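Here is a briefing to read with the coordinates open. Keep the viewer at hand and check each point as you go.

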Amino acid sequence: MDYISTRGGGNAVSAARAIIKGLATDGGLFVPQTIPSIDKDFIQSLLNLSYQERAKKVLSLYLTDFTNQEINDCVENAYGNNKFDTDKVVPTVQVEDNNYLLELWHGPTSAFKDMALQLLPQFISTSLKKLGDKNELVILVATSGDTGKAALDGFKDVPQTKIIVFYPQEGVSKIQRLQMLTQEGNNVAVVAVQGNFDDAQSGVKQIFNDTSYNELLAQKGFQLSSANSINWGRLLPQIVYYFSSYADLINMGKIKLGDKVNFTVPTGNFGDILAGFYAKCMGLPVNRLICASNANNVLTDFLTTGTYDKNREFFKTISPSMDILISSNLERLLYHMTKDTEKVKKWMQQLQQDGKYTVDDATLKAIQETFCAGYLNDTDTMDCIKSVYAKDKYVADTHTAVAWQVAQDYTAKTNETIPMVILSTASPYKFNDSVLTALGEDIADKDEFALLDKLAQINKDPIPQGLAKLKTAPILHNKVCEKQHMINSVSEFLNI
Ligand SMILES: *Cc1c(COP(=O)(O)O)cnc(C)c1O
């Protein structure tokens with residue numbers, strides 16, 4: 001199966017090439033030329049399999065240029081070796097009648113980014129080998145916290161890759177900083193930028209766009225790449241857990257093969273929820289996909305009115321991984337809904353120029369047949385954490401709480417009795433200050449580790465290994481750079 005650009009430019013390419021390139025030459029995103037379809041027997045065949053085996057089956061439908069051995073190795077390296085703190089990798093947990101949480105945060109960095117960022121580096125390394133590309137891929141990341149650590153952990157010691165992560169010196173939490181500064185691996189670098197996240201991100205963009213520097217790198221055998229969520233190799237791993245959760249619901253006796261389920265997804269860049277859309281298009285019995293946002297509710301407005309307008313106030317919320325005003329992966333949905341690359345190109349140009357675009361009525365209607373949307377402000381998010389704990393003794397993180405409440409609002413409005421699976425995207429330990437405050441605890445004067453201990457007294461799960469060991473882990477990185485000198489840090493790291 002080949003991949004084409006959402007904007008119609010360039011030739012169709014193999015999955016391996018799409019993963020190495022990241023972005024299509026015309027600035028569009030790679031999408032599969034056709035979406036593979038599955039039948040009931042396919043779902044039936046997943047029931048008695050481990051998560052890894054389920055992943056291999058789903059991935060092989062899209063990675064038709066990979067051998068079974070290659071897919072096997074990628075999946076085992078990503079999800080095997082006890083990297084996840086549960087054998088199930090991604091458990092589906094019943095919290096209330098008809099309400100389930102799909103816990104996506106049992107990986108090494110305790111956030112859902114691990115699901116994709118453990119597998120993407122394996123895909124990249126395998127693709128380089130398959131294609132005979134000799135260059136070493138240098139992954140540049142600017143992070144506001146979670147992505148940096150997840151990318152470092154995924155890429156560490158992966159052949160033919162190096163990774164350098166820039167984070168704003170004062171812009172990440174103490175835990176997030178420690179997670180990065182203690183990162184092991186012989187191909188990793190972590191650099192604090194004297195500036196904010198935008199400075200770090202602009203710096204990375206400048207390096208990507210510096211033609212002469214990229215030529216110099218090519219001469220030295222290096223090629224820059226990014227690990228952000230527009231890469232097909234980051235989206236694809238996320239399709240798997242929709243299938244896996246459905247199979248688990250059958251195994252739990254909650255649904256019969258063929259019954260429909262709803263999924264509510266806490267959304268930022270529209271990657272996670274789009275993976276659910278692919279699963280539905282493939283034939284998984286999904287009724288609705290409900291898009292949950294925080295106060296940055298640009299997607300709620302779009303899915304309700306058909307107008308995407310990023311010209312609005314930006315809010316810093318307690319669910320920071322969803323503080324996004326440009327949801328890049330929406331472009332893929334627009335392509336699949338219209339199959340009209342000219343239209344998609346036009347809308348993306350309008351977004352670039354005016355910060356907004358409006359889709360036609362037919363497209364909006366088609367989108368609304370599958371998607372619903374809702375949002376929650378910070379106060380209601382705190383209330384939700386408190387009430388879910390009071391009612392169900394379940395401690396939800398802030399992102400999960402947004403989705404939980406949006407899901408309840410949806411059910412109340414529609415009176416549906418269809419099982420609701422809510423995607424849980426972070427361990428509550430990762431956002432312990434907001435979670436503890438919501439639960440009525442006094443967090444004043446407590447350091448991060450005291451907060452972890454406090455939460456451990458309340459939560460059913462112990463403190464994740466990766467966070468617990470930070471207290472004693474040695475600091476391995478100490479580089480700091482001025483925001484205009486990030487390029488020097490790259491050269492220094494690559495010894496050029
Ligand atoms: C990245 C992230 C999200 C949003 O996922 P998208 O794929 O960007 O929509 C939600 N919750 C957490 C904890 C995240 O890290």
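The notes below cover the ligand site, the strands, two helices and some loop residues.

This is a predicted model. A ligand sits among 14 residues, and the protein buries 96% of the area that the ligand exposes when taken alone. Strand β10 pairs with β9 and with β13. Non-glycine residues with a positive phi include V89 and Q160.

**Ligand site**

- The ligand is surrounded by 14 residues, and the closest are K113, G268, N269, D272 and T425.
- By class, the shell holds five nonpolar, seven polar and two charged residues.
- K113 reaches the ligand with its side chain: an N or O atom there is 2.5 Å from a ligand oxygen.
- G271 uses its backbone instead, with an N or O atom 3.3 Å from an oxygen of the ligand.
- S321 offers a polar side-chain atom, which lies 3.4 Å from a ligand oxygen.
- Taken alone, the ligand exposes 380 Å², and 96% of that is buried by the protein.

**Strand β10 and its partners**

- Strand β10 spans residues 286-293, and seven of its eight residues are buried.
- Strand β9, residues 261-266, runs parallel to β10, and five bridges link the pair.
- One place to look is V261, which faces V286 of β10.
- Between these strands the chain passes through helix α12, residues 271-282. The resulting β-α-β crossover is right-handed.
- β10 also pairs with strand β13, residues 371-375. This pairing is parallel too, with five bridges.
- Here C291 has A373 of β13 as its bridge partner.

**The β3-β4 hairpin**

- Strands β3 (residues 92-96) and β4 pair in the antiparallel sense, with four bridges between them.
- T92 has L102 in β4 as its bridge partner.
- Two residues separate the strands of this hairpin, and N98 has a positive phi near 70°.
- L101 belongs to strand β4, which covers residues 99-103.
- Is L101 buried or exposed? L101 is buried, because its relative accessible area is 1%, and the limit for buried is under 20%.
- L101 also comes within reach of a distant part of the chain: its C-alpha is 5.7 Å from that of V421, although their positions lie 320 residues apart in sequence.

**Helices α3 and α22**

- Q52 is part of helix α3, residues 51-62.
- Q52 counts as buried because its relative accessibility is 13%, with the cut-off set at under 20%.
- A polar atom of the Q52 side chain lies 3.3 Å from the backbone oxygen of Y79.
- Helix α22 covers residues 486-494, and its buried residues are M486, S489, V490, S491 and L494.
- An α-helix has 3.6 residues a turn, so residues three or four places apart point the same way. That spacing can be checked on the buried residues of α22, among them M486, S489 and V490.
- N495 follows α22 and has a positive phi, near 60°.

**Loop residues**

- V89 sits in the loop between α4 (68-79) and β3.
- V89 is not a glycine, yet its phi is positive, about 65°.
- V89 is buried because its relative accessible area is 1%, where buried means under 20%.
- Q160 lies in the loop that joins α7 (146-155) and β6 (161-168).
- Q160 has a positive phi as well, near 65°, and is a residue other than glycine.
- Why does Q160 count as partly exposed? Its relative accessible area is 24%, and partly exposed covers the range between under 20% and over 50%.
- K471 is found in the loop between α21 (465-468) and β15 (479-482).
- K471 is exposed because its relative accessible area is 55%, and exposed means over 50%.
- K471 and T304 lie 46 Å apart, C-alpha to C-alpha, with a separation of 167 residues in sequence.

Definitions and conventions: Residues are numbered from 1 along each chain as its sequence is written. This is a predicted model: local features need pLDDT of at least 70, side-chain atom pairs count only at pLDDT 80 or more; totals for chains, interfaces and linings use all residues. Side-chain values use heavy atoms; hydrogens and water are left out. A residue is near a molecule or strand if one of its heavy atoms lies within 4 Å of it. A polar contact is a pair of N or O atoms within 3.5 Å; within protein, one must be able to donate a hydrogen and the other to accept it, and residues adjacent in sequence count only if both atoms are side-chain atoms. Accessible areas come from the Shrake-Rupley method with a 1.4 Å probe; for residues, only the protein chains shown count as cover. Ala, Val, Leu, Ile, Met, Phe, Trp, Tyr, Cys and Pro count as nonpolar, Asp, Glu, Lys and Arg as charged, and the others, Gly among them, as polar. Buried means under 20% relative accessible area, exposed over 50%, partly exposed in between (1.4 Å probe, protein chains only). Two strands pair if DSSP finds at least two bridges between them. A crossover is right-handed if, with the strands pointing away from the viewer, the path from the first strand over the helix to the second runs clockwise.
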